[in-house]
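Thanks for making time this morning. I would like to walk you through one structure, with the sequence and the model on the screen while I talk.

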Amino acid sequence: MAREETRTEETRTVETRTAKSPTERGTAPATNTPETSPGAGRTRAWANRLVVVGIMLSALNLRPAITSLGALLEEVRDGLGMSGSVAGLLTSVPPLCFAVFGVTAPRLARRFGPAAVVCAGMVAIATGLLIRPFLGSTAGFLAASALTLMGIAVSNVLMPVIVKRWFPDRVGSMTGLYSMALALGTSLAAAVTVPLTDAMGGSWQSGLAVWAVIAGAAVLPWLPLVRDRGSVSASAQDRPVKAQHAPVAQHASVAQQVPVRITRSRTAWALAVFFGLQATAAYITMGWMPQIFRDAGVPAGTAGVLLAVTMVMGVPLAFVIPRVATRLPHQGPIVLVLGVCGFAGYAGLYFAPAAGAWAWALLLGVSNCAFPLALTMVGMRARSGPGVAQLSAFAQSTGYLISIPGPLLVGVLYQQSGGWGLPIALMAALMVPQIVVGFLAGRDRTVEDEASAR
């Protein structure tokens with residue numbers, strides 16, 4: 001009797017192993033399960049397409065709150081009675097909010113899911129854009145701007161996380177698509193804010209509030225996804241484990257990963273400083289470049305279009321640069337090219353701002369493509385989704401903290417010196433450390449390896 005029971009148990013064990021072997025070998029089972037049935041596959045494909053739409057619409061809304069204000073900064077200053085220093089403070093609010101609120105994004109994502117947090121971020125953007133022009137005071141304008149920028153901050157941090165989770169084998173192309181949409185929204189707001197304001201009777205309040213419409217539309221794609229708490233994308237689930245990035249397959253949720261000691265990584269610090277310096281240049285450009293051209297005698301509408309030209313350079317390049325970067329073992333050469341373009345653009349602004357305005361706008365547009373490069377390196381310098389979440393939060397929050405003084409200092413220098421010579425010299429000087437730390441951040445290594453080795 002005991003022998004019969006032993007044989008029966010051995011038979012069951014063999015049958016169990018045989019049944020599990022296809023999965024263990026990384027081969028999909030022949031029969032349809034709920035996870036592999038055609039209906040489930042169609043649902044996952046639909047969800048993937050919805051995520052792409054959500055990423056694109058969200059990216060479109062991550063900069064219009066800033067560039068639309070840059071195009072109308074003189075009108076806003078006059079309407080609210082701002083001094084040059086207060087206007088400089090206003091242009092420093094974006095990086096401050098990104099630093100303060102961006103660091104909370106991973107924690108919120110672990111609790112509510114990244115899709116729900118991005119959805120809430122889009123609601124905050126739409127609300128802030130709608131109410132800030134009509135509050136009637138500088139304090140109210142700053143508070144509503146902070147609400148908008150809070151939504152932008154958490155979405156900024158979580159976009160690389162969503163890309164890594166839903167498209168782990170297409171980080172470069174999806175980051176490029178996201179960056180391209182971001183650049184498109186940035187340039188669109190810079191180009192059409194002044195014409196829209198004129199078409200609506202010259203009211204700067206209406207010219208700023210109109211951008212809440214696009215932000216409201218960006219809420220919609222995320223609504224069906226708010227219940228997602230961290231599942232890996234359908235495309236990652238359908239592929240054999242061997243075909244996936246192993247860390248993504250093994251650690252599907254941020255909550256299941258032991259946190260990396262990110263501050264022990266030299267690459268993380270280099271990437272954070274690089275992010276901060278490129279953000280400094282970007283927010284100085286978005287906040288002050290139209291005023292530089294206007295003070296040089298360029299009409300207000302043309303100054304807004306020049307800013308749009310600078311921003312629109314990111315549309316093609318933001319798609320190309322991440323794809324090129326992912327194919328290179330070291331991203332330092334790209335950092336150098338972007339830095340040289342920045343030097344040339346600032347030199348042009350210093351010596352002949354009006355005469356060569358279009359050329360300087362193009363060169364600075366190329367230089368500002370350090371942003372999609374930084375986002376791409378965030379995805380490349382960490383192996384796992386949780387690692388990307390930590391690195392993204394650390395690099396962006398620390399980087400934006402570093403960038404806070406830049407726009408404010410430009411406003412103070414402009415007011416004290418009565419011209420743009422000193423501010424432009426400061427912008428050019430900051431390109432040197434940006435190139436240095438960009439080279440360090442571009443080395444082929446991961447923060448997990450560096451943190452564990454120390």
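Before I point at anything, let me fix one term: I call it a salt bridge when a side-chain nitrogen of Lys or Arg lies within 4 Å of a carboxyl oxygen of Asp or Glu. Please also keep in mind throughout that this is a predicted model.

With that cut-off in hand, the side chains of R294 and E75 qualify as a salt bridge, since their N to O distance is 3.5 Å and the limit is 4 Å. R294 belongs to helix α14 and E75 to helix α4, so this pair ties together parts of the chain that lie 219 residues apart in sequence. Are the two partners buried or exposed? R294 has a relative accessible area of 19% and is therefore buried, whereas E75, at 28%, is partly exposed.

Let me stay with those two helices for a moment. Helix α4, which covers residues 73–80, packs against helix α14, residues 266–295, at an angle of about 95 degrees, and their axes are 9 Å apart. An angle of that kind means that α4 is roughly perpendicular to α14. Which residues make the contact? On the α4 side they are L73, E74 and E75, and on the α14 side G287, W288, Q291 and R294, so the two residues of the salt bridge, R294 and E75, are also residues of this helix contact. By character, the residues where α4 meets α14 divide into two nonpolar, two polar and three charged.

How many salt bridges does a search of the whole structure find? It finds three, and as a general reminder, side chains of opposite charge can pair when their charged atoms come close.

Another of them joins R383 to D449, with the closest N and O atoms 2.7 Å apart. This pair, too, links distant parts of the chain, because R383 sits in the loop between α19 and α20 while D449 sits in helix α24, residues 447–453, and the two are 66 residues apart. Both partners count as partly exposed, R383 at 38% relative accessibility and D449 at 41%.

The remaining salt bridge to mention is the one in which the side chains of E450 and R445 meet, at 3.8 Å from N to O. Here E450 counts as buried, with 13% relative accessibility, while R445 counts as partly exposed, with 35%.

I would now like to turn to the aromatic side chains, of which the structure holds eight pairs. One of these pairs is F275 with Y400, which is edge-to-face, with 5.2 Å from centre to centre and 85 degrees between the planes. F275 lies in helix α14 and Y400 in helix α20, so that the pair links parts of the chain 125 residues apart, and both F275 and Y400 are buried. Together with F371, these two residues form one aromatic cluster.

Finally, let me step back to the chain as a whole. It has 24 helices and zero strands, and of its 454 residues, 54% count as buried. Among contacts between residues at least 6 apart in sequence, 84% join residues at least 24 apart. The two links I described from helix α14, R294 to E75 of α4 and F275 to Y400 of α20, can be found on the screen if you would like to follow them yourselves.

Technical notes. Residues numbered from 1 in each chain as written. Predicted model: local features only at pLDDT ≥ 70, side-chain atom pairs only at ≥ 80, totals over all residues. Heavy atoms only, no water. Axes fitted to C-alpha atoms, helices over the stretch in contact; angles between N-to-C directions. Helix = DSSP H or I, 4+ residues; strand = E, 2+ residues; numbered from the N terminus. Parallel < 35°, antiparallel > 145°, perpendicular 65-115°, else oblique. Contact = heavy atoms within 4.5 Å. Nonpolar A, V, L, I, M, F, W, Y, C, P; charged D, E, K, R; others polar. Buried < 20%, exposed > 50% of the residue type's maximum accessible area, 1.4 Å probe, protein only. Phe/Tyr/Trp six-rings, centres within 6.5 Å; stacked < 30°, edge-to-face > 60°.
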